[in-house]
Amino acid sequence: MKNKKKFSFPTAYTVILIVMLVVMGLTYIIPSGKYAKLSYDTNSSKFIVELPNGESNQYAGTQETLNKLGVNVNLKQFTSGAISKPVAIPNTYEELGKEKTTIFGAITTFLKAPIQGLYDSIDIIAFVLVIGGLVGVINSTGAFTAGINALSKALKGKEKWMIVIIASLVALGGTTFGLAEETIAFYPIVVPIFIAAGYDAIVAIATIFLGSCIGTMAATVNPFSTIIASNIAGVSFTQGMPLRILALVIALAVTLIYIIRYGEKVKKDPTQSLIYAQKEEIEKRFLASESGDAEVEFTFRKKLMLLIFGLSFIVMIYGVKELGWWFMEMTALFFAVTFIMVPLSKQKESEFVSNFVQGAADLLGVALIVALARGVTIIMDGGLISDTILYSLSTVVSSMSGIAFSGVMYLVYIVLGFFINSSSGLAVLSMPIMAPLADVVGVNRDIIVTAYMFGQGLIGIITPTGLILASLAMVNVTYDKWLKFVMPLVGMIMVLSIALLCIGSFI
């Protein structure tokens with residue numbers, strides 16, 4: 001009798017391709033439609049309105065123009081560049097006809113989407129590959145292994161504090177300046193430390209990824225979500241701040257307890273790990289030193305390499321927060337650090353280059369996942385269904401009462417967050433449409449802003465089109481294992497969010 005083949009959950013690549021197929025199918029089912037979009041031309045100091053049919057008109061760059069169009073935003077937000085993306089204009093949605101396409105055309109669209117995603121995501125991909133190369137060089141010297149051994153001895157019996165400290169710092173970055181994509185760089189450092197401490201890779205991923213998600217979900221002064229959404233909604237970003245701070249404190253506390261309980265259970269009994277079958281494989285990948293026992297000694301040279309590597313992250317965070325850096329500047333920073341490592345590594349030129357290339361190759365899969373995820377958005381944008389979904393959901397909530405409105409609006413933003421996986425993109429598209437609905441049902445507009453952040457933050461924990469699959473690919477953990485680990489926590493955060501939104505409706 002033949003043994004039945006055991007079902008193996010598909011890899012991250014297949015999961016995204018399946019999502020891409022589903023979204024492509026939706027573009028044939030959901031009607032195409034579009035809102036008119038408003039943008040500001042700094043060269044002519046005029047507003048440009050692109051109509052749903054593709055035509056465009058110019059208007060005077062004045063506050064009066066904004067008032068006439070029903071866009072309740074201060075003119076300075078456009079002239080200063082605070083709002084740079086096209087903003088949806090209320091009450092301008094038009095349904096558009098579907099373009100006729102052949103099977104060959106549909107296949108071509110499907111095949112082109114990830115390639116276009118590769119072009120559109122090249123800044124993130126370059127960042128990932130350079131980080132991988134730099135980590136590959138440092139790892140080849142045995143510096144990480146020596147540092148991990150020293151840290152493990154220093155934290156003996158206090159390992160859980162690593163979870164608290166790292167998650168809290170990442171959450172702080174998320175709530176202040178939207179620390180998210182940048183966290184990809186942290187995994188090569190943190191994963192080996194947690195594994196050496198007796199935890200599994202899921203604890204390491206959860207500590208970084210959930211810390212970022214909680215921070216961005218309960219953002220306080222994040223310019224890419226809170227501030228831009230508040231500006232478009234016509235309220236100060238300080239309105240609703242106490243509620244969001246309360247959410248940050250409670251949600252982070254719940255998340256830390258959740259991760260620590262799982263981590264301590266795995267530490268006591270490794271077989272309790274959701275990825276126990278991969279234990280040997282992951283330990284071999286992250287803990288094995290290619291340099292032999294003689295290199296385990298934590299020499300001054302290795303300490304200096306790790307110190308420079310750690311300082312580069314402080315410089316990166318400062319650059320993003322204070323200097324307006326983005327992926328080009330961050331990649332250049334780590335590329336510069338790579339050159340600094342040349343003399344410190346004491347490796348021949350050919351050996352150094354080989355280690356850099358191998359390190360970059362180790363993260364090539366992560367780069368491809370980023371491109372595939374972008375391909376999903378490209379298919380959806382091409383099918384013109386984002387605005388249709390927004391229009392349909394806005395009509396559903398427009399006739400509800402205050403408390404019900406707040407809760408349902410949260411669910412609406414969970415749905416929108418799946419399809420529009422960009423905090424600023426979701427803000428400029430939805431806020432002009434959703435914010436005025438608050439006036440109709442009698443709640444403060446800041447509740448809409450908070451619901452938007454809570455919703456898109458929660459769905460970010462699990463949506464395949466976000467960062468989670470790229471994060472899981474760092475350690476080759478499948479998506480189903482992550483869902484099994486995190487779904488109870490998602491349920492807890494959802495209940496907490498709805499309760500806080502209902503409380504906020506009374507204030």
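Trainee: Why is aspartate 480 called partly exposed?

Mentor: Aspartate 480 has a relative accessibility of 25%. Buried would mean under 20%, and exposed over 50%. The value lies in between, so aspartate 480 counts as partly exposed. Keep in mind that we are looking at a predicted model.

Trainee: What makes aspartate 480 and lysine 481 a salt bridge?

Mentor: Their side chains meet with N and O 3.8 Å apart. The cut-off is within 4 Å, so the pair qualifies. Lysine 481 is partly exposed too, because its 26% falls between the limits of 20% and 50%.

Trainee: Why do such pairs form at all?

Mentor: Side chains of opposite charge can pair when their charged atoms come close. This structure holds eight salt bridges.

Trainee: How do you know that glutamate 283 and lysine 279 form one of them?

Mentor: Set their N to O distance, 2.7 Å, against the limit of 4 Å: the distance is within it, so this is a salt bridge. Both residues belong to helix α12 (residues 279-287), where they sit four residues apart, about one turn of the helix.

Trainee: Are those two buried or partly exposed?

Mentor: Glutamate 283 has a relative accessible area of 27%, and lysine 279 has 33%. Both values lie between 20% and 50%, so each residue is partly exposed.

Trainee: What makes the pair of aspartate 387 and lysine 37 a salt bridge?

Mentor: Their closest N and O atoms are 2.7 Å apart, and that is within 4 Å, so the definition is met. Aspartate 387 lies in helix α17 (residues 386-397) and lysine 37 in strand β2, so the salt bridge ties together parts 350 residues apart in sequence. Both residues are buried, which means that each has under 20% relative accessible area.

Trainee: How do you know that strand β2 pairs with strand β3?

Mentor: Pairing needs at least two bridges, and β2 (residues 37-41) and β3 (residues 46-50) have five, so they pair, in the antiparallel sense. Leucine 38 stands opposite valine 49 in β3. The open sheet has four strands in the order β4-β3-β2-β5.

Trainee: Why are β4 and β5 called edge strands?

Mentor: Strands β4 (56-60) and β5 (87-88) each pair on one side only.

Trainee: What makes leucine 118 fit for a nonpolar surface patch?

Mentor: A patch residue needs over 30% relative accessible area, and leucine 118 has 33%, so it passes that test. Leu118 makes the patch of about 320 Å² together with Tyr13, Leu364 and Leu368. Leucine 118 itself lies in helix α4 (residues 103-120).

Definitions and conventions
Residues numbered from 1 in each chain as written. Predicted model: local features only at pLDDT ≥ 70, side-chain atom pairs only at ≥ 80, totals over all residues. Heavy atoms only, no water. Patch = residues over 30% accessible without salt bridge, like charges linked within 9 Å, V, L, I, M, F, W, Y side chains within 5 Å. Areas by Shrake-Rupley, 256 points an atom, 1.4 Å probe, with all protein chains shown as cover. Buried < 20%, exposed > 50% of the residue type's maximum accessible area, 1.4 Å probe, protein only.
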